[in-house]
Structures are given as structure tokens and as C-alpha cells.
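Biologist: I have a structure open and I'd like to learn how to read its side-chain contacts. Can you walk me through them?

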Amino acid sequence: MTRQDLLLIRHAITDMNGTLCGQSNPPLNAMGRAQANALAHQLESWKVRRLYASDLQRAVQTAQYLGKRWGIPVEERSGLREISFGDWEGRSWAQIRADEPDIAVLETSSKLCAPGGETFEFFRNRVLQVLKDTIAECNGQLAAIVTHLGVIRVSLKELSSADCVWESWQRIDHCSVYRIRVDRMLVERPHS
């Protein structure tokens, strides 16, 4: 079985930190640019051969710092976008919970969604499809994917091997890097 190593990297910080950013498209702020630059310096010696990013500014800008250090282009993928929170984008979970006391049902259902947003089921299937396509292109070369919190959570839950232990309660900070090994057969398995 062919195995693929991936670096999953969460984008650097924006001015929307602390709110549901979803598919809103803010750029990195000054702190975010400093974070991305520091991350690129930290990972400079890694032998990454392919670099992918969500097409949203915060991911692309973070990836550009890495691509410059590695001497490779950034390949943008809209499928790597965060889940759409629709009308809730720009609001905090605390604000939403205050207005929607039954929100716990939404957080545990794959079929429900924020008003005007994506269902988790649709989001999960979108992410898994783009990861499947990306892995096929990498042909075993070390690849990095700069993306969003939700995409990383889905990836770690669905695709990582036993040597990468991650629990859903663990924090995924901005500029966090997770190196996972994916068995291509995991991407092919049927999903509920």
C-alpha cells in the first residue's frame, strides 16, 4: 500500500480571531504575518515538494511565506475552505448560544447547519474528496496543506494513521503543524 505523508498547517491569525470566520475572507493581520514568517523559518529545512492551500486569503498568505522558503508554488484549492457558517460568520459561539439556546443539537448533527451555511456532512464529504484528489497528485512526495481548523479536524479524525494520536478536545492553534501519514486506502473507504 502506498503511504502519503502530509503536513496539515492551520493558517496564521486575522482580525476575525475569536469569531466564526468560516468562508469570510480577511487577510492576515500584523501578528499573523509575523506568525507565518516565523513558521516558514522554522520549517525551512523540511523537504516539502508540494504546497496546497485553501483559496481564502488567510491560508494563501500563510502558504506564500512557506512557498518562498521552500522554493515551490502554492496550489490553491477551494475545496480546502473552512465550513461555511452562513449568517453566523463574524459572530462568536457565545453570541450564537445566547440567541440559539438549542445550539447543542446543531453541534451534534451532521444534517443541520447554520442559516445559509453548509451541513457538516456536505463539508466533510467536500474535504475528503479534495484530500483524495490531492493525495493522488502527490505521488508519495511530502506535501503541505495550509488550511483551516475544521478541515484539519476532519483530516485528523478521518485520515491519520495510528502513529498520529489526536483527540477532538485538543486545541489546534494558528500555525499549528500536524504531520500525518495517510494510507491511500483510508481515503477510498465508504463513508456514512
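Biologist: Let's start with the cysteines. Is Cys175 buried or exposed?

Modeller: Keep in mind that we're looking at a predicted model. Cys175 has a relative accessibility of 14%, so it counts as buried, given that the cut-off for buried is under 20%. Cys21 is buried too, at 11%.

Biologist: And how many disulfides are there?

Modeller: General idea to begin with: a disulfide is a covalent bond between the sulfur atoms of two cysteines. In this model the count is zero.

Biologist: OK, on to charges. How do I read a salt bridge?

Modeller: Side chains of opposite charge can pair when their charged atoms come close. Here the count comes to twelve salt bridges. Take Arg50 and Glu75 as one example: their closest N and O atoms are 3.1 Å apart.

Biologist: Which parts of the chain does that pair tie together?

Modeller: Arg50 sits in strand S2 (residues 50–54) and Glu75 in strand S3 (residues 75–77), so the bridge links parts that are 25 residues apart in sequence. Check accessibility as well: Arg50 is buried at 19%, while Glu75 is partly exposed at 23%.

Biologist: Which salt bridge does Glu137 form with Arg50, and how far apart are the closest atoms?

Modeller: Glu137 pairs with Arg50 with the closest N and O atoms 3.5 Å apart. Glu137 belongs to helix H5 and Arg50 to strand S2, so this contact ties together parts 87 residues apart in sequence. Glu137 itself is partly exposed, with 34% relative accessibility.

Biologist: What about a bridge between helices?

Modeller: Try Arg124 and Glu158, whose closest N and O atoms are 2.9 Å apart. Arg124 lies in helix H5 and Glu158 in helix H6 (residues 149–159), so the pair connects parts that are 34 residues apart in sequence. Arg124 is buried, with a relative accessible area of 10%, and Glu158 is buried as well, at 11%.

Biologist: Which residues are joined into one network by salt bridges that share partners?

Modeller: Arg50, Glu75, Arg77 and Glu137. You've already met Arg50 in its bridges with Glu75 and with Glu137.

Biologist: Now the rings. What should I look at there?

Modeller: A pair of aromatic rings is described by the distance of the centres and the angle of the planes. This model has three aromatic pairs. One of them is Trp88 with Trp93: the centres are 6.1 Å apart and the planes meet at 70°, which makes the pair edge-to-face.

Biologist: Are those two tryptophans buried or exposed?

Modeller: Trp88 is buried, with a relative accessible area of 5%. Trp93 is partly exposed, at 29%. Both belong to one aromatic cluster together with Phe85.

Biologist: And why is the Phe120 and Phe123 pair called tilted?

Modeller: Their ring centres are 6.0 Å apart and the planes stand at 55°, so the pair is tilted. The edge-to-face label needs an angle over 60 degrees, and stacked needs one under 30.

Biologist: Where do those two phenylalanines lie?

Modeller: Phe120 and Phe123 are both in helix H5 (residues 120–138). They are three residues apart, which is about one turn of the helix. Their accessibility values are worth reading too: Phe120 is partly exposed at 37%, whereas Phe123 is buried at 1%.

Technical notes:
Residues are numbered from 1 along each chain as its sequence is written. This is a predicted model: local features need pLDDT of at least 70, side-chain atom pairs count only at pLDDT 80 or more; totals for chains, interfaces and linings use all residues. Side-chain values use heavy atoms; hydrogens and water are left out. Rings of Phe, Tyr and Trp (its six-membered ring) pair if their centres lie within 6.5 Å; planes under 30 degrees apart count as stacked, over 60 as edge-to-face and the rest as tilted. Buried means under 20% relative accessible area, exposed over 50%, partly exposed in between (1.4 Å probe, protein chains only). Helices (H or I, at least four residues) and strands (E, at least two) are DSSP runs, numbered from the N terminus. A salt bridge is a side-chain nitrogen of Lys or Arg within 4 Å of a carboxyl oxygen of Asp or Glu. A disulfide is a pair of cysteine sulfur atoms within 2.5 Å.
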